[in-house]
Amino acid sequence: MSRSRKMMVLAVAAVCLIAVASVNAQQDKPLYPIGRITFETTSIAAGVGVSWGHGMFTFEGKQYPISVKGLGLGAVGIAKVNAVGDVFNLKNASDLAGTYVGISGGIAIAGGAKGILARNQHGVVLDIHATQQGVSLNIGTDGFTISMQ
């Protein structure tokens with residue numbers, strides 16, 4: 001192999017290594033919140049729970065009304081709970097809408113998870129927790145849905 005060909009192969013290999021290192025570095029960087037949601041849910045639970053709620057989503061200085069369905073509480077009976085959440089990895093306000101499923105690992109959130117960590121089909125990540133003491137939030141097998149009103 002000629003010297004110029006060897007140099008070209010080495011240059012291509014170096015570019016590939018830099019690209020891989022860059023992707024890995026981006027994945028290891030923690031996400032920081034770029035929006036916030038607050039909502040109140042009502043839950044009826046006796047083994048299998050049903051819940052619904054409404055609230056506000058704040059993003060880029062604007063507020064959007066939202067509805068939440070399918071988010072469970074760690075309780076039996078009828079309960080109302082106030083919850084708050086940080087929103088991560090959002091590009092457009094409309095990307096908040098969707099079905100969220102619980103996630104574990106594979107993502108670094110600044111400050112760590114506080115309650116439920118969930119992601120929707122647009123890649124939006126929510127870190128949600130109840131503001132009332134002694135109440136835990138959970139996700140059912142089908143996840144939960146947020147709709148923009």
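Strand 6 and strand 7 run antiparallel and are joined by two bridges; strands here are DSSP runs of E with at least two residues, numbered from the N terminus, and two strands pair if DSSP finds at least two bridges between them. The model is predicted, with local features needing pLDDT of at least 70 and side-chain atom pairs pLDDT 80 or more, while totals for chains, interfaces and linings use all residues. Residues are numbered from 1 along each chain as its sequence is written, and side-chain values use heavy atoms, leaving out hydrogens and water.

Within the first pairing, G102 has A118 of strand 7 as its bridge partner. Strand 7 is also joined to strand 8, antiparallel, by four bridges, and here I116 stands opposite I128. Five residues lie between strands 7 and 8 in this hairpin, and G123 in the turn has a positive phi of about 85 degrees.

The loop between strand 5 and strand 6 holds D95. This residue is buried (under 20% relative accessible area, with a 1.4 Å probe and protein chains only). D95 has no salt bridge, that is, no side-chain nitrogen of Lys or Arg within 4 Å of its carboxyl oxygens; the nearest side chain of opposite charge, K91, is 6.4 Å away. Contacts (heavy atoms within 4.5 Å) link D95 to L90, Y100, N120, H122 and V124, leaving aside residues up to four places away in sequence.

Turning to the interior, the largest nonpolar core has 23 residues, a core being buried Ala, Val, Leu, Ile, Met, Phe, Trp, Tyr and Cys residues joined through side-chain atoms within 4.5 Å. Strands 7 and 8 are among those supplying at least two residues each. I146 is one of the residues with the most contacts inside the core.

Technical notes:
Buried < 20%, exposed > 50% of the residue type's maximum accessible area, 1.4 Å probe, protein only. Lys, Arg positive; Asp, Glu negative; His and termini not counted.
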